[in-house]
Structures are given as C-alpha cells and as structure tokens.
Amino acid sequence: RLRRMEIPYVTAPLKRWMSKAPWKGPARLAVNVAYTPFLLKKLDAWGTDLVHTNSSVIPTGAILSGLSGRPHAWHVREFGDLDYGLAHDFGHRIFQFGLNRADALIAVSCAVRERVLGNVNRPIHVVYNGVISEDQLHNFKPGTVSGSDDDAPFTFSILGRIQRKKGQEQ
C-alpha cells in the first residue's frame with residue numbers, strides 16, 4: 001500500500017537493545033550498526049527532518065539522530081521489564097543516557113512516564129493510544145452510534161500483543 005501511495009519506506013531487520021538474554025547484546029548491536037550507513041543515506045535521500053522512534057526497545061532512532069544531527073522524538077510505549085521481563089543489554093544507565101539525548105519524549109501513559117522516564121531530564125508528553133478523549137470515553141454509552149441498538153454490547157479493538165500483564169481482560 002505504501003508503494004502504491006508513493007510513500008517512501010524501508011524495511012530493515014533491526015534488533016532490540018532489551019531482551020531476556022542481555023549477553024547477546026553485542027551481536028544485536030552489530031546488526032543495527034551494520035544497517036546504520038544504509039539508513040543514514042535513506043534519511044538524506046528523503047530529506048528527513050525528524051527521527052521518530054516508536055518503541056523504547058529499539059535504539060536505532062537514537063543512533064541515527066545522534067549521527068545525523070536530526071532531532072529525535074522517542075515514543076515510549078512499554079515498561080520492558082514489567083511487560084516482558086526484558087533487561088537492557090548494556091545496563092539501565094546507557095538506556096537513560098539515550099533517553100536524555102532525545103529532543104522530546106512521548107509516554108503512552110502516566111505510569112510509563114513515571115516508571116520508565118522518571119529520571120529523564122527532557123520534555124515529556126503523555127499521549128494515550130486512542131482516538132477519543134478521556135472525558136468522551138467516560139460519557140460514551142452503547143447505542144450512541146448512529147443506527148445501533150441501545151442493548152448492543154460495546155465492542156472495541158486492541159491492536160497489539162495480548163498479554164496478561166497489560167490487563168486487557170479488565
């Protein structure tokens with residue numbers, strides 16, 4: 001679909017810097033570093049103004065931002081340790097160093113802001129995953145959608161991994 005819409009993109013097998021086996025970190029970093037020159041050329045070719053990283057478990061956006069001098073917005077969506085039992089490959093201090101170099105940080109919740117970004121000295125914005133405000137959600141009632149039955153169940157979708165620790169059953 002991106003190709004049909006003539007939107008430039010690239011797919012690269014980037015590796016995490018958090019895992020249950022941090023001892024494999026150097027090998028994962030080597031894979032990311034190997035793709036760095038190719039990705040930097042793409043940023044230049046596309047005239048990229050801003051690097052946006054959509055997960056805290058991938059360091060590549062921070063690396064590209066640092067090497068290219070482009071601003072970096074880092075979207076932190078997960079706890080890492082609490083969500084998946086992941087540890088930082090090179091320690092928590094390196095992770096914090098990377099976060100502190102971002103031009104802006106986006107936390108998916110206040111809990112993520114406090115637990116993951118609590119010691120970061122950068123601008124932090126909380127942007128919930130959703131398409132309506134919290135007030136709108138509290139005021140939403142089944143049957144308010146045009147043509148729906150008042151007794152119809154409220155149905156919604158979760159796009160992502162289903163996991164007990166995320167509390168989706170609640």
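The paragraphs below lead through a predicted model, beginning with its sheet and moving on to its nonpolar cores.

The sheet is an open one, built from 4 strands that follow the order β2-β3-β5-β6 with parallel pairing. At its edges stand β2, residues 51-53, and β6, residues 124-126, and because each of these has a single partner strand, one side of each is left without a neighbour in the sheet. From one strand to the next, the twist averages 20 degrees. The link between β5, which spans residues 104-107, and β6 consists of 3 bridges, and these two strands run parallel; within this part of the sheet, L105 stands opposite I124 of β6.

L105 also leads from the sheet into the packing, since the largest nonpolar core holds 16 residues, and L105 belongs to the group that touches the most other members, together with W74, V76, L99, V112, V116 and L117. At least two residues of this core come from each of β3 (72-76), α4 (92-100), β5 and α5 (110-117), and α5 provides the largest share, 3 residues. In soluble globular proteins, nonpolar side chains tend to be buried together.

The surroundings of L99 can be followed contact by contact: leaving aside residues up to four places away in sequence, L99 touches W74, V76, L105, V116, L117, V120 and R122. Apart from the core described above there is a second, separate one of 5 residues, among them L39, L40, L43 and V51. V51 falls within the range given for the edge strand β2 (51-53), which gives the reader a place to return to the sheet.

Technical notes:
Residues are numbered from 1 along each chain as its sequence is written. This is a predicted model: local features need pLDDT of at least 70, side-chain atom pairs count only at pLDDT 80 or more; totals for chains, interfaces and linings use all residues. Side-chain values use heavy atoms; hydrogens and water are left out. Two strands pair if DSSP finds at least two bridges between them. Axes are lines fitted to C-alpha atoms, for helices over the stretch in contact, and angles run from 0 to 180 degrees between N-to-C directions. A nonpolar core is a set of buried Ala, Val, Leu, Ile, Met, Phe, Trp, Tyr and Cys residues joined through side-chain atoms within 4.5 Å. Buried means under 20% relative accessible area, exposed over 50%, partly exposed in between (1.4 Å probe, protein chains only). Contact means heavy atoms within 4.5 Å.
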